[in-house]
Amino acid sequence: MTVTIARENAIAVVTVDNPPVNALSQALRQALVEAVAELDADAAVKAVVLICAGRTFIAGADVNEFGKPPQPPLLPDVVATIEGAKKPWVAAIHGSALGGGLEVALGCAYRVAVASASLGLPEVKLGIIPGAGGTVRLLRLIGSAAAVDLVTSGSPVGATKAEGLGLIDAIVDGDLRAGAIGFANGIAEKSLPQPISSRAVPAVEPGFWENAEKAVAAKAKREVAPLRALASVRKASETDFSDAMAFERETFLALRGSEQAAALRHVFFAERAAPRPPELAGITPRDIRSAAVVGGGTMGAGIAAALRDAGLPVVLIERDATAVERGLANIRAIYDGSVKRGRLTQEAADQRMAGVTGGDNYGLLADTDLVIEAVFEDLAVKRAVFEKLSSVCRPDAVLATNTSYLDPNAISEGVSHPERFLGLHFFSPAHVMKLLEIVLTEATSPEVLATGFALARQLGKIPVRAGICDGFIGNRILKVTRAQAERLLLSGATPSAIDAAMRAFGLPMGPFEAQDLGGLDIAAFQRKAARERGEIPFAPVAERLCALGRFGQKTGGGWYDYQPGDRAPKPSETVATVIAEEATGRPQHAWDEASIADAIILPMVNEATRILEERVALRSADIDLVKIHGYGFPRWRGGPMHYAEARGLAEVVAVLDRLAAEGLADPPCEGLRQAAQGDSFAAIAG
Ligand code: T1G
């Protein structure tokens, strides 16, 4: 880490260089305090530019220091020192000024930025709140409403919006360093602006804080930090600066040690580790500059849109001209929806569509770098596709299947150069869901696996390596969750109580609402395939509902009844009768939210541990990412594996033993018992 000072006539340029993102380590904080003293003492210096080397301005406090006791100089003191400097400091921002980085910039007398810069206070996404004056200075600069939005959402704003808010003083065109020096020369002879900390807080409308609290609570649900952040901004508007700073610091320190903060930090680092798995270190991926999708249904169209969103030209192959048109229409519908929701301009949508070529001639793929198959989940149909691809594509073209439940080893039988084949399991809607399970076959080469991970980075997805088993990682766990949910139905719980308990736990919806939304027939199809493999899937009630044609919302009834045009689930007498019949003779239990959550979540952990033992997943954090990004597991719980470790694996084993003794769950697998001895999954996987 270095902080260098250069002098451009009367302007001193302080350059921070602390790769990879100029995080505010203890050494950097110390160097900034020393720079203020040095430059205050230099009469030749009339103004100071604070700029960063590398990809970004200061991106925040060093998250690696969070688990340790704070070391002086504390960031609030660093910011106060800059704010109290005798010479005006100008923050020159590129990349992202985030968290403590923006707080340092708020200590400066001025802020300028390049147009591509972003500024934000993402602390609530780490389960904390700004801890160096962000909630106390911001509203003094941009007003309470804008400050509340920035602080409680954690979302950054671009430089143009920042300028409109008054968060920055100017946008610099061209070279930032030269532009910032020019700006500094322009203010050097002016009197220092009033420090933000001593500015008055703009008044708010009556009821502002009460309305803000309702809005933030509705969005935050069970996350603690956003409401605490709001409380800190409100405190800043109702008390003097020093009291507000004390309140902010006290709140920040209390949250920093919280379970939610630990969970969100775990996810933060897991997401950053995922695209660069250690087992692929040093392996060069193939370049992907063109792609094709075979199959223009829901998944194929979503995958094509995801590829286009990443700027790749796409060929959409279907079996005939009519199917091609239907596939193109499916992609166009995705972009029309984005335009309608204001996510894309019409021009951008047209440009995305222009990059898609439809055709029913595989010869179009003769020079395509990557082809993803997304046709009907039938082995013979898929094999036929890959037989054609093997004969028309380049031998080094990467061939991928998007299958959810079939065996990629079986699909790839007969593919030429099988080392270039892998599974790329997208989640619907494929252009939205972040998770991408990258499934290797017995033949997949490390280079092609690395290409899958590089593609994920190109698409902005979270990649997780998966070995082959029924359902890979996510859907295999989902099968256990659904079987568990039915076990609870037969022991006295109702679909509504189970769904409510899972929503209370933090899931976006419960297992029965989710099945009604997706359709019960999909799982029925998978259970039929499982029976053909000699397995005995447990779904006595679901089987009977399917036999009654109750496939969910699309048939007006599934686990719940639905009034025409109304998607609100209503408890169903028909379903209650089927449950009662199937539950006959079975012991009944009194269930509450906590016991239901245990009986659903802990078997999830048990199955996930089996997945680790079998090396289908290599790391417990990968399984957390699968559940968070593929199935909506709450981030603030860190994922099922982090949740289990935080709760204590010995307790998890004890609860599962109790449930198993009552026939309500499988007993803990050997790997879970072993992990419990060290209270960590590291013993059986990283
Ligand atoms: N501390 C330490 N390391 C960090 C870091 C941070 N704040 N942010 C990123 N890294 C590492 C990351 O682990 C990875 O490391 C590398 O940088 C590239 O990250 C007092 C208390 C800045 C937008 O929440 O949003 O300030 O794997 O792959 O896609 O009020 O990183 O290469 O070894 O994400 O270009 C507030 C979090 C902290 C910013 C860049 N700040 N970071 O994205 O690169 S709390 C944040 C990001 C705070 C104050 C409070 C992104 C990025 P490695 P990357 P990127």
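**Exercise 1. Which residues are the closest to the ligand, and how many residues surround the ligand?**

Before we start, a word on the ground rules: this is a predicted model, where local features need pLDDT of at least 70, side-chain atom pairs count only at pLDDT 80 or more, and totals for chains, interfaces and linings use all residues. Residues are numbered from 1 along each chain as its sequence is written, and side-chain values use heavy atoms, with hydrogens and water left out.

*Solution.* Step 1: collect the residues near the ligand (one heavy atom within 4 Å of it). That gives 26 residues, the closest being Arg55, Ala61, Glu103, Glu123 and Arg272.

Step 2: look for polar contacts to the ligand (a pair of N or O atoms within 3.5 Å). Ala61 uses a backbone N or O atom, 2.7 Å from a ligand oxygen. Glu123 places a polar side-chain atom 2.7 Å from an oxygen atom of the ligand, and a polar side-chain atom of Arg272 also lies 2.7 Å from a ligand oxygen.

Step 3: check the cover. On its own the ligand has 1,000 Å² of accessible area (Shrake-Rupley method, 1.4 Å probe), and the protein covers 75% of this area.

Step 4: assign the shell to helices (DSSP runs of H or I, at least four residues, numbered from the N terminus). Helix 3 (100–107) and helix 11 (259–273) each give at least two residues to the shell.

**Exercise 2. Work out the strand order of the sheet, and find its edges.**

*Solution.* Step 1: take the strands (DSSP runs of E, at least two residues) and pair those with at least two bridges between them. The result is an open, mixed sheet of 8 strands in the order 12-11-10-13-14-15-16-17.

Step 2: find the ends. Strand 12 (356–359) and strand 17 (462–466) each have a single partner strand, so one side of each has no neighbour in the sheet.

Step 3: get the twist. Neighbouring strands are turned by 25° against each other on average, direction ignored, using axes that are lines fitted to C-alpha atoms.

Step 4: zoom in on one pair. Strand 10 (residues 291–294) and strand 13 (residues 370–373) run parallel and are joined by 4 bridges; Val294 stands opposite Glu373.

**Exercise 3. Compare the two spans that UniProt annotates.**

*Solution.* Step 1: the unreviewed entry lists "3-hydroxyacyl-CoA dehydrogenase NAD binding" for residues 291–466, a span with 41% helix and 20% strand.

Step 2: in the unreviewed entry, "3-hydroxyacyl-CoA dehydrogenase C-terminal" covers residues 471–562, with 61% helix and 2% strand. Such annotations may be inferred rather than shown by experiment.

Methods
Axes are lines fitted to C-alpha atoms, for helices over the stretch in contact, and angles run from 0 to 180 degrees between N-to-C directions. A polar contact is a pair of N or O atoms within 3.5 Å; within protein, one must be able to donate a hydrogen and the other to accept it, and residues adjacent in sequence count only if both atoms are side-chain atoms.
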